[in-house]
Amino acid sequence: MARESNGTGGAESEVPIAVELVSASGSRQPLEDPLDLSVWITNVSEEPVWMVGVLPGSEGLRYPHYVAEIVGPAGPIQVQFPEALDYVRGLRSGDFVRLAPGGSFDPQGEGFVPIQQLAWFKPSEPGTYRLRICFDATAQDPRQWLGHTSVRDQHKVEGLLAQVPRVKVWSNALEINVD
């Protein structure tokens, strides 16, 4: 299993997942081309795990958090979102994905939304960009996951939620040279 922080500031511990950030264009690309990035979460444990993909609000309004760290040639980059991106619908049982040992899924795939920082980011100058993703599922209180609207089958949703590993995991650091 991978070794990561559990998000509490304590010692590293084993976690059942790995997060990988991948560029379909490779490590070089022209400035005028949009980045073509994908994210994969893989179960690296010997037991099945339940995961939740990227949901409206996952950039920090609700758990799980999927937050991008982007560093450009001039330093860290903060990506601004349109004001309309504050809607956080209720968590649904269909938002949970069961990963068998060795199984992977795209948390931005069908039924989920893109990681907003990646969706709105466009390199502004030539140079090297370093990107990574932080998946944070450390919130213990279900209310931090459920969203701002009502939750259907709340008992079932909370039962599935209790099975999501409470971990904070960083992806690999992906470097892309933009020219």
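1. What share of the contacts in the protein with a separation of 6 or more comes from residues 24 or more positions apart? The figure is 79%. Keep in mind while reading on that this is a predicted model.

2. Some overall numbers to start with. The protein has 179 residues, and 42% of them count as buried. Its secondary structure comes to 13 strands and three helices. About 9,300 Å² is exposed, with carbon and sulfur atoms supplying 49% of that area.

3. Now the sheet. Three strands make up an open sheet, in the order E3-E5-E10, with antiparallel pairing. The edges are strand E3 (17–23) and strand E10 (104–105), each of which pairs on one side only.

4. If you want to look at the E5–E10 pairing in the viewer, go to residues 37–43 for strand E5; two bridges join E5 to E10, and the two run antiparallel. One handle on this pairing is Ile-41, whose bridge partner in E10 is Phe-105.

5. Helix H3 (residues 154–161) is worth a look too. Its buried residues are Val-157, Leu-160 and Leu-161. They sit on the same side of H3 because they cover an arc of only 100° around the axis. Turn to the other side of H3 and you find His-155 and Lys-156, both exposed.

6. And what do the buried residues of H3 pack against? Their partners are two strands, E6 (49–52) and E9 (96–99), plus helix H2 (143–146). So when you click on Val-157, Leu-160 and Leu-161, the buried residues on one side of H3, bring up those three elements as well.

Definitions and conventions:
Residues are numbered from 1 along each chain as its sequence is written. This is a predicted model: local features need pLDDT of at least 70, side-chain atom pairs count only at pLDDT 80 or more; totals for chains, interfaces and linings use all residues. Side-chain values use heavy atoms; hydrogens and water are left out. Helices (H or I, at least four residues) and strands (E, at least two) are DSSP runs, numbered from the N terminus. Buried means under 20% relative accessible area, exposed over 50%, partly exposed in between (1.4 Å probe, protein chains only). Contact means heavy atoms within 4.5 Å. Accessible areas come from the Shrake-Rupley method with a 1.4 Å probe; for residues, only the protein chains shown count as cover. Two strands pair if DSSP finds at least two bridges between them. The arc is that of the directions from the helix axis to the C-beta atoms.
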